[in-house]
Amino acid sequence: MISQIIFTVIFTGSILWFFSSLKKIRDNIFLGKKVTVKGEVKERLKIMARVALGQGKMFTRPVAGLLHLIVYLGFLIVNIEMLEIVIDGVAGTHRVLSFMGGFYDFLIASFEFFAVAVIIACIVFLIRRNILKIKRFHNPEMTKWPKTDANLILIFEILLMTAFLTMNAADSLLQQLNADHYVKAGAFPFSSFLHPLFSGFDIQQLIIVERSAWWFHIIGVLLFLNYLPISKHFHIIMAFPNTYFSKLEPKTALDNLEAVTREVKLMLDPNANPYEAPASNEQPGRFGAKDVTDLNRIQLLNAYTCTECGRCTSVCPANITGKKLSPRKIMMDVRDRMEELGKHKRQHGNVDDGKALIRDYISEEEIFACTTCNACSEICPVNIDPVSIIIDLRRYLVMEESKLPQEWTTMLTNIENNGAPWQFSMNDRLNWVNE
């Protein structure tokens with residue numbers, strides 16, 4: 001009974017802690033502007049099913065895609081087993097779902113298969129990151145916490161799966177010894193290979209091993225659950241809403257600023273009288289984005305969904321040619337700024353903290369290096385759109401601060417004066433014909 005009470009308290013506390021973290025993340029995302037979602041629900045659900053649930057974009061890189069699929073399926077299927085563990089923990093039963101008979105044996109065997117597969121996949125991932133040193137895992141933004149976070153997750157998963165197999169190995173031996181409370185149920189094709197480790201153990205010793213592994217596994221899972229909100233692994237949850245809110249228009253399509261569009265239409269309309277235009281009571285908004293509060297909520301949702309896999313940076317032509325821009329860093333900076341500003345507002349209310357996304361996190365050099373080719377958005381496995389954020393930041397610099405590279409200034413001046421980006425008047429444009 002005592003163990004049941006302890007388990008119930010730990011389980012309930014962990015769930016409450018997790019939802020408290022989710023609320024903070026929701027509040028951070030709601031720092032952004034409200035956005036109207038366009039497009040049919042049916043079409044969005046199809047994208048979510050294909051990209052998030054079906055891992056549709058992962059296999060553009062087959063090796064990483066296959067390993068990720070194994071870990072993903074392992075996560076889904078082994079967590080079904082968590083249902084039984086929770087019921088057993090609260091009710092004090094043992095393998096409460098064993099009434100399913102042969103199907104239960106199949107489930108336990110498949111859980112063990114995926115547990116072993118996840119261990120192998122995680123070891124390969126650790127080797128790729130730390131020994132083979134694949135370039136996209138060693139960019140400047142991937143030092144310190146991002147690097148530690150990635151390794152911690154992999155080690156965490158290996159330990160959890162090892163505890164699961166150890167628990168099953170000890171459990172199956174107790175079943176063979178007809179120990180009280182341990183009903184005969186389940187098939188153990190992989191954990192049975194661990195039996196030699198426990199040769200000579202009596203029933204009491206096996207119970208200690210089984211209970212220790214059981215508690216390690218369940219507490220580890222609950223700790224992992226509460227680790228997710230501060231980790232890149234949070235994409236397990238956020239990938240689903242993020243893909244639902246994917247951009248349905250062509251990726252290269254840029255949205256127009258409503259105020260600018262209205263002014264341009266007014267200028268181009270020969271019958272329009274600007275002085276007769278109805279006065280607007282709305283306060284003029286900011287052109288582009290200076291801080292995360294100027295971005296919309298889908299852009300902020302994108303930042304929390306980033307897996308930090310680096311595929312975007314690895315295909316970015318600006319990054320490849322040695323420029324400072326890294327789309328992955330842009331998303332990580334937006335998330336970090338959101339976390340910082342959200343914490344500041346919770347502690348001090350709407351008091352300005354004197355910082356902004358521009359310059360305090362993202363430099364002008366990074367913003368102007370983007371070619372808007374959208375290669376980063378195209379390859380992202382969870383449909384993140386870094387270009388939309390870069391464009392909004394660039395709009396702020398150009399339209400609010402008149403900050404733009406000298407080459408761009410010359411080009412825009414030429415367009416204004418000559419109707420073309422070159423330093424020739426319109427009258428001289430065809431002089432080359434006479435040469």
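**Helix α16 and its surroundings**

In this predicted model, the cover over the buried residues of α16 includes α9 (297–305), α12, α13 (357–360), α14, α15 (375–379) and α17 (406–418). Helix α16 itself runs over residues 386–400. Of its 15 residues, 11 are buried, so the helix is largely enclosed by the rest of the structure. The buried set starts with Pro386, Val387 and Ile389, carries on through Ile390, Ile391, Asp392, Leu393, Arg394 and Arg395, and finishes with Tyr396 and Leu397. As for its length, α16 reaches 21 Å from its first C-alpha to its last, close to the 21 Å expected at 1.5 Å a residue. Just past the end of α16, Ser402 takes a positive phi of about 55 degrees.

Helix α14, one of the elements covering α16, spans residues 364–369 and holds Glu364. With a relative accessibility of 26%, Glu364 counts as partly exposed, because buried would call for under 20% and exposed for over 50%. Setting aside neighbours within four places in sequence, Glu364 is in contact with Arg359, Leu397 and Lys403. Leu397 in that list is among the buried residues of α16. Glu364 also sits 9.9 Å from Leu325, C-alpha to C-alpha, with the two positions 39 residues apart in sequence numbering.

Next comes α12, another part of the cover over α16. Its 22 residues should span 32 Å at 1.5 Å a residue, and the end C-alpha atoms turn out to be 31 Å apart, which agrees. Lys329 belongs to this helix, which takes in residues 327–348. Not counting residues up to four places away in sequence, Lys329 touches Glu141, Tyr361 and Glu366. With Glu366 there is also a side-chain polar contact, at 3.1 Å. At the other end of the story for this helix, Gly349 comes just after α12 and has a positive phi of about 75 degrees.

Ser326 is placed in the loop between α11 (317–320) and α12. Its relative accessibility is 2%, so Ser326 counts as buried. Beyond its neighbours within four places in sequence, Ser326 contacts Glu141, Thr313 and Asn319. Glu141 thus turns up again, since Lys329 touches it too. Ser326 and Gly310 are 16 residues apart along the chain, and 8.7 Å separates their C-alpha atoms.

Elsewhere, α2 (residues 41–53) and α7 (residues 235–244) pack at an angle of about 145 degrees, and their axes are 8 Å apart. The crossing of α2 past α7 is right-handed. From α2, the residues involved are Val41, Arg44, Leu45, Ile47, Met48, Val51, Ala52 and Leu53, which meet Ala239, Phe240, Thr243 and Tyr244 of α7. Sorted by class, this contact between α2 and α7 has 10 nonpolar residues, one polar and one charged.

Two loop residues deserve a word on backbone geometry. Most residues other than glycine have a negative phi. Lys133 is not a glycine, yet has a positive phi of about 50 degrees; Lys133 lies in the loop between α4 (102–130) and α5 (145–176). Asn178, also a non-glycine residue, has a positive phi of about 55 degrees. The loop holding Asn178 runs between α5 and α6 (203–227), and with a relative accessible area of 53% Asn178 is exposed.

Technical notes: Residues are numbered from 1 along each chain as its sequence is written. This is a predicted model: local features need pLDDT of at least 70, side-chain atom pairs count only at pLDDT 80 or more; totals for chains, interfaces and linings use all residues. Side-chain values use heavy atoms; hydrogens and water are left out. Helices (H or I, at least four residues) and strands (E, at least two) are DSSP runs, numbered from the N terminus. A polar contact is a pair of N or O atoms within 3.5 Å; within protein, one must be able to donate a hydrogen and the other to accept it, and residues adjacent in sequence count only if both atoms are side-chain atoms. Contact means heavy atoms within 4.5 Å. The expected span of a helix is 1.5 Å times one less than its number of residues. Axes are lines fitted to C-alpha atoms, for helices over the stretch in contact, and angles run from 0 to 180 degrees between N-to-C directions. A crossing is left-handed if the near helix is turned anticlockwise from the far one by less than a right angle, and right-handed if clockwise. Ala, Val, Leu, Ile, Met, Phe, Trp, Tyr, Cys and Pro count as nonpolar, Asp, Glu, Lys and Arg as charged, and the others, Gly among them, as polar. Buried means under 20% relative accessible area, exposed over 50%, partly exposed in between (1.4 Å probe, protein chains only).
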